[in-house]
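Here's a quick briefing to read alongside the model. Have the viewer open and follow the residue numbers as you go.

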Amino acid sequence: MSTDLPDLATELCSARQKIVELKAELEAANKLLVSFKAMLFGSRSEKASIVLDAQERLDLGDLGPVLHHEPANDDSPTQRTTRKARRNIGGLPKHFPRVTHVVEPESTQCTCCQGDMHRIGEDVSEVLDIVPAVLRVIATVRPKYACRHCETSIVQAPAPPRLVDGGMATTSFIAWIVTQRFAWYLPIYRQAQMLAGHGVRIDRSTMVRWIRRTAWWLQGLYDCQWRFLHKQPKIHVDETRLPVLDPGQGKLRIDQFWAHGIDDRPWGGPAPPAVCYAHARSRSHATISTQLENYAGILQVDGYTAYKALETPGRDAGTIELAFCLAHLRRRFVDLHKSTKSTITAQLIGLLGRVYRIEAEIRGTSAEHRHAVRQAKTKPLMAELKQLLDDTLERVSAKSALAEDIRYAHGHWPGLTRFLDDGRIEVDNNMIERQMRPIGISRRNSLFAGNDGGAESWAILASLLQTAKLNGLDPYTWLNDVLTRIVSGEVKSNELDQLLAWNWKPRQTQASLEMAA
């Protein structure tokens, strides 16, 4: 019997190890089940006030478009409670046309002496009104002239250039269709239904051809914006799926939309906000490497592995430094905490919340000031976070979900902390993630791109219109003016820089500047 004791001890040790592994697998399965339930029935917010019941309100969710002096990507503790409604009372835009209605009293004769009363003042109140879209027909008449004497010479003015030669729509009308589709996400079939309600029946294939033609005219401007963006020392990159109809196959193919963006407003830098989308068949390293073949600088991305090889030394274009996204790490702990309610995940989320509070305080200040504050306040917090991660990893099962998230943090730590040493770098990649939301909304409304050409047109038009919105422009006003100038030949191919959203000036403003000069 004594000879069997070592075997029993070995089997017992193996059984214990198997139990630990099964517990880890069960924990992972339970986490996945709870996550699915939360996705279906629970709150999708990442606010600490929801995730951590005992904490004060700290909104950790991504914000909408952020202006220069607004808080960091994660709201400050008091933003939600102090926010006031934006109603523009007493401050309607000055550039809107004014229609004045004067309401006179029934009589201006004095009730005492019957004499005429004189005006001593007035009260003015302004309200916002709207004139719905008016469809009209523009008839272009080109008279012909001939000489009565020789009867050989005939003159006639050339037809003005159109966006679509021989088409039935003006540049303004097509600009409206494109803006509704790519700036406000209204699908073509809905626009066709709305026009039919006015008595104008236009086939959807015709409207699609208009969109393709518009993208053709704007290809040069898109390329100009792409080149400008990749000359900047720091850019953001992200990707999302894009279903594309595969001609001849009768099914959808899942392609990718890559987004490259810049925005120096958080630290008062020189670069204007801009985004460029690019359609590609895959999300491989080769794809993003080709897109960035001439880029050198800081690349802020999520933890996707395709980006890591971009840091390889010896690139012809120069060195790329990766700055990773702290929000992606935080989301991992938030998702885990929702399913486990662990005290460790609560501590990790709390530490990250303190980092975001500091970011809220320094948002909009100079890069030098952000760097100094981060070194003094944020760096100790990140060191404390790293120590907590190291200590926790030694105590938990290597197969647990928490261990997996900690290993993710360790594998990306240099990029996650790069923002500490450079005030230009953001703490997360939310800037470009916000620019992926319009693609998601448009994709949900339109389901898929018709083919590769449609996806390319989508990338061009969405890039230019979203950039116009980022720069505070009305996308239709900008697009209509830009198309008019390009189609008419007023702006040549080597002068397209002046039409980029941050350089663009309305014609009236340019005329007044020329007169002043």
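Let's start with the aromatics: Phe 257, Tyr 277 and Trp 458 form one aromatic cluster. Keep in mind that this is a predicted model. A search of the whole structure turns up nine aromatic pairs, and the notes below begin with the ones in this cluster.

**The aromatic cluster**

- Phe 257 and Tyr 277 make a stacked pair, with 6.0 Å from centre to centre and 10° between the planes.
- Phe 257 belongs to strand β4 (residues 251-262) and Tyr 277 to strand β5 (residues 274-280), so this pair ties together parts that are 20 residues apart in sequence.
- How buried is each of these two? Phe 257 is at 0% relative accessibility and counts as buried, and Tyr 277 is buried too, with a relative accessible area of 1%.
- Phe 257 also pairs with Trp 458: the ring centres are 5.8 Å apart and the planes stand at 70°, so this one is edge-to-face, since the cut-off for that label is over 60 degrees.
- That second pair links distant parts of the chain, with Phe 257 in strand β4 and Trp 458 in helix α14 (residues 452-470), 201 residues apart.
- Trp 458 comes out at 3% relative accessibility, so it counts as buried, given that buried means under 20%.

**Charges over rings**

- Arg 213 has its charged end over the ring of Trp 216, 4.2 Å from the ring centre.
- Arg 283 does likewise with Tyr 304: its charged end sits over that ring, 3.8 Å from the centre.

**Helix packing**

- Helix α4 (residues 171-182) meets α14, the axes coming within 10 Å and crossing at roughly 85°.
- That angle makes α4 roughly perpendicular to α14, because 65 to 115 degrees counts as roughly perpendicular.
- On the α4 side the contact is made by Val 178, Thr 179, Arg 181 and Phe 182, and on the α14 side by Trp 458, Leu 461, Ala 462 and Leu 465.
- Trp 458 therefore turns up twice, in the α4 contact and in the edge-to-face pair with Phe 257.
- Helix α8 (residues 326-340) and helix α11 (residues 401-411) pack at an angle of about 175°, and their axes are 10 Å apart.
- α8 and α11 are therefore roughly antiparallel, as angles over 145 degrees get that label.
- Which residues meet there? From α8 come His 328, Leu 329, Arg 332, Phe 333 and Leu 336, and from α11 come Ala 401, Leu 402, Glu 404, Asp 405, Tyr 408 and Ala 409.

**A loop residue to look at**

- Glu 495 sits in the loop between α15 (475-488) and α16 (507-516).
- With 33% relative accessibility, Glu 495 counts as partly exposed.
- Its C-alpha atom is 9.6 Å from that of Leu 221, although Glu 495 and Leu 221 are 274 residues apart along the chain.

**The whole protein**

- The secondary structure adds up to 16 helices and seven strands.
- The protein has 517 residues, and 43% of them count as buried.
- Take the contacts between residues at least 6 apart in sequence: 65% of these join residues at least 24 apart.
- The accessible surface is about 29700 Å², with 55% of that belonging to carbon and sulfur atoms.

Notes. Residues numbered from 1 in each chain as written. Predicted model: local features only at pLDDT ≥ 70, side-chain atom pairs only at ≥ 80, totals over all residues. Heavy atoms only, no water. Phe/Tyr/Trp six-rings, centres within 6.5 Å; stacked < 30°, edge-to-face > 60°. Helix = DSSP H or I, 4+ residues; strand = E, 2+ residues; numbered from the N terminus. Buried < 20%, exposed > 50% of the residue type's maximum accessible area, 1.4 Å probe, protein only. Lys NZ or Arg CZ within 6 Å of the ring centre and 35° of its normal. Contact = heavy atoms within 4.5 Å. Areas by Shrake-Rupley, 256 points an atom, 1.4 Å probe, with all protein chains shown as cover. Axes fitted to C-alpha atoms, helices over the stretch in contact; angles between N-to-C directions. Parallel < 35°, antiparallel > 145°, perpendicular 65-115°, else oblique.
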